[in-house]
Amino acid sequence: MSNLDRRSFLKNSIGATLLAGLTGPRLMARLGDTAPLSTDASIFPQLLVDGGDIVAAVTGQEVWRGTSTPVWTLGGTWPAPTITVDTGEEFSARLVNNLDEPTIIHWHGLHAPSLMDGHPRNVIGPGESYDYRFLVKNRAGTYWYHPHPHMETAKQVYMGMAGFFIVHDAEERALSLPSGKYDVPFAIQDRLLLGEQKISYEPGMADLIDGLLGDAVFVNGSPTPRFSVDRGLYRIRLLNGSNARIYTLSFGDNRTFQVIGTDGGLLDRPYDVTSIVLAPAERVELLVDFSNDSNGASVEFASSGFGVSGRQAVPLSVMTFVVGPDEGWRQPFPTSLTRIDMLDPNSATKTRTFQLRMEMNMGMPHHLIGTDSYDMERVDVIANADGTEIWEFTNLTPISHPMHIHNAFFQVLTRNGAPPTDPTDFGWKDTVNVKSTESVRVIVRFGADTGLFVFHCHNLEHAGHGMMLNLELVDGAMGVEQTGNVRKMDLR
Ligand code: C2O
Ligand code: CU
Ligand code: CU
């Protein structure tokens, strides 16, 4: 099908059937006005958008104050606008590609029909557009969106094309969690500046193995992130939007804070921690209390690095919270948040194991799931959309692989046979960091939608160099679930 045909197909058939089947109010997505702020990684007033265009383009942005830097943007801002929707609302947007190369947007963590999911085979070329429309079925949580073209995702995300997609629901609103200006999302991304003020994607040989590791941390697009806070409690949503960097995050004074949510929304209750590890694509929601800080205090938030040696082990400053004179949110936080039904491993209908490997081929590293490098036109795993499965990832390499499954959420069962102990492994996850030599077992629930999806390592250099497979979800009645080189797709 040509792109033109596909577009009218989307409009006529998908649009019509989706619209007919949808309940709930029409689109109420709000795009945040994300003015770049080089000294304050603030978030921004929310705008109402109704089926608006999200233009992908190279634009000049004030990444560094007083100078315009060419970057790649979605929606014309650096970083991309924050979208907020309520569960049960319909989301629609038109991606317009004004880049010189193919792109497509994936809504990371959102349950969406296959054609709405940004599968790499649905890329559009320069000058083309793609219409998205789907019902938001996810529970409240911190999701995000970014491009997903085969082999170009790493560059496009690095160059600036990523934003938050925040979902609210009634259950979450009924809890008295900090809200309004006390509920702030921060996207953490490292980039390699080498002392220069420019954004350019130039991975070296080591980056093709480790993934691209930068020397500067940006928060919400700011290379010098400082955020002014009132003296009170904050709900802080963190996204690791980096290509490959894994952070071990804590405050300079080692204060205790609470983890209240992970990739798929709230946990059963707040968990006290003094540090958290966040791998690429993982999200975490925190409660951080600045009530006892004095006016004018600076509170550092930094990464001590990941692992004991190597390029990931480098400590990095992340951002500074600057405490102001005003009193902020002073309500005590709830001691219980939601109910998470733990999936029973005995209810799994299937167990699959995946070995994560690396091979050198003609001097180039290839990152593999099993033995197969990604082929857009090969279906690798067929699963029943309504099944519950155990997936085990075994990492045979010296580097971590944050594994992500589209149109699915899972619970972490074990790491090397032991139940997880870090709150960032609790609740509903869509990405799990599989460390070197580790075997991680997760129990997976797929979204109801059938069709073609992917799962992959979210180290974006790894994903671009093979570490991704096609996942086809089928109606349970067909009973054809299997793993491994199933068939070449009939690409229409
Ligand atoms: Cu954020 Cu396929 O990923
Ligand atoms: Cu995803
Ligand atoms: Cu990887």
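**Exercise 1. Among contacts in the protein chain between residues at least 6 apart in sequence, what percentage join residues at least 24 apart?**

Solution. Start with the term: a contact means heavy atoms within 4.5 Å. With that cut-off, 77% of these contacts join residues at least 24 apart.

A word on the model: it's predicted, so local features need pLDDT of at least 70 and side-chain atom pairs count only at pLDDT 80 or more, while totals for chains, interfaces and linings use all residues. Residues are numbered from 1 along each chain as its sequence is written, chains are lettered from A and ligands numbered from 1 in the order in which they are written, and side-chain values use heavy atoms, with hydrogens and water left out.

**Exercise 2. Find the residues that coordinate the copper ion (ligand 2), and place them in the chain.**

Solution. Step one: look for donors (N, O and S atoms within 2.8 Å of the metal, or 3.2 Å for Na, K and Ca; water is not among the atoms, so sites may look incomplete). You get NE2 of His-106 and NE2 of His-404, at 1.9 Å.

Step two: locate them. His-106 sits in strand β7 (residues 105-108) and His-404 in strand β26 (residues 401-405), so the pair links parts of the chain 298 residues apart. Strands here are DSSP runs of E, at least two residues, numbered from the N terminus.

Step three: check exposure. Both histidines are buried, meaning under 20% relative accessible area (1.4 Å probe, protein chains only).

**Exercise 3. Work out how much of the protein chain is buried.**

Solution. Apply that buried cut-off to the 492 residues, and 61% count.

Note on methods:
Buried means under 20% relative accessible area, exposed over 50%, partly exposed in between (1.4 Å probe, protein chains only). Helices (H or I, at least four residues) and strands (E, at least two) are DSSP runs, numbered from the N terminus.
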